[in-house]
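Biologist: Could you take me through one part of this protein in detail? I would like to hear about the nonpolar core and what lies around it.

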Amino acid sequence: MAHLGGFPVHEPVSGTRISKAKSVEVRKLAPSDCTESELSGKEAARTKVAILGTTLQILEAASDLWTGKLAFFETFEPVQKAVAHLRSKACRAEFPEALNERVGRLQAKMERALRVAHMARRTLELHHHRPLAIRMAIPKFEDTFDPHKHYDPDRERAELAKLRKEHKKERKGAVRELRKDAQFMAREKLRAKKEKDTAYEKKFKRLVAEIQSEEGRESNAYEREKDMRKRAAKSGRR
């Protein structure tokens, strides 16, 4: 099987080639072109030219969309070969002049874009890293050793350990302050409850005393009234 670019070339079905379309006017595809109908002569050539013209427009739009992408060269190199085939002498002899001009513009545009994409490529290479020093395993002794000081040669790790220690210290302080606040709130709540209970007890005692005093006065008045009636009864019998 022959290939055109990366596309396999099949022998076209009879009637699909564009021929004798030199005088055909290039137009856009219409919805009616999608319906199944029998075309012949000039109308069939006009439809084929419209299909090819629309295909060229789609390829040009795709080329503009993919320009600058890393895979542009691999994607459009086979397309450029297919477009170059449309610029052959045999094809130009059958296509209308407007279609030949469109094919020529697309071919030049794609060749230029492929050339730029090829020039922009760079050979893959490893990253350039600064050489690292060999790690030493010789123990280091400190004459003025302080158990509260960090002697880690890794500054980042030592700074991280310092931050962890400070965080732990701050956390303990925060917990201690929260505990003090909780104890203070509990004491204030208990004091308010005691004051409320004391006020209630005083009010209760005052009301009880008033009731008892009122009952005492009523009882004394009753006893006096009772004595007066007894004396009055004795005086009447005499």
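Modeller: Happy to; here is a walk through the core, then a polar residue, then a patch on the surface. Please keep in mind that this is a predicted model.

Let's begin with the largest nonpolar core, which has 21 residues. Leu 52, Leu 56 and Phe 95 are the ones that touch the most other members. Two or more residues each come from helix 1 (42–66), helix 2 (72–86) and helix 4. The biggest share is that of helix 4, which gives seven residues.

Leu 56 is a good residue to click on. Setting aside neighbours within four places in sequence, Leu 56 is in contact with Leu 86, Leu 99, Val 103 and Leu 106, and also with Arg 102.

Next, have a look at Gln 80, which sits in helix 2. Gln 80 counts as buried because its relative accessibility is 13%, under the 20% cut-off. Its side chain makes a polar contact of 3.1 Å with the side chain of Glu 111. Beyond residues up to four places away in sequence, Gln 80 touches Glu 111 along with Gln 107, Met 110 and Leu 114.

Finally, turn to the surface. Ile 134, Met 136 and Ile 138 make a nonpolar patch there of about 410 Å². Met 136 belongs to the loop between helix 4 (97–119) and helix 5 (155–237). With a relative accessible area of 61%, Met 136 is exposed, whereas Gln 80 is buried.

Key
Residues are numbered from 1 along each chain as its sequence is written. This is a predicted model: local features need pLDDT of at least 70, side-chain atom pairs count only at pLDDT 80 or more; totals for chains, interfaces and linings use all residues. Side-chain values use heavy atoms; hydrogens and water are left out. Patches are made of residues with over 30% relative accessible area and no salt bridge: like charges are joined within 9 Å, nonpolar side chains (Val, Leu, Ile, Met, Phe, Trp, Tyr) within 5 Å. Accessible areas come from the Shrake-Rupley method with a 1.4 Å probe; for residues, only the protein chains shown count as cover. A salt bridge is a side-chain nitrogen of Lys or Arg within 4 Å of a carboxyl oxygen of Asp or Glu. Helices (H or I, at least four residues) and strands (E, at least two) are DSSP runs, numbered from the N terminus. Buried means under 20% relative accessible area, exposed over 50%, partly exposed in between (1.4 Å probe, protein chains only). A nonpolar core is a set of buried Ala, Val, Leu, Ile, Met, Phe, Trp, Tyr and Cys residues joined through side-chain atoms within 4.5 Å. Contact means heavy atoms within 4.5 Å. A polar contact is a pair of N or O atoms within 3.5 Å; within protein, one must be able to donate a hydrogen and the other to accept it, and residues adjacent in sequence count only if both atoms are side-chain atoms.
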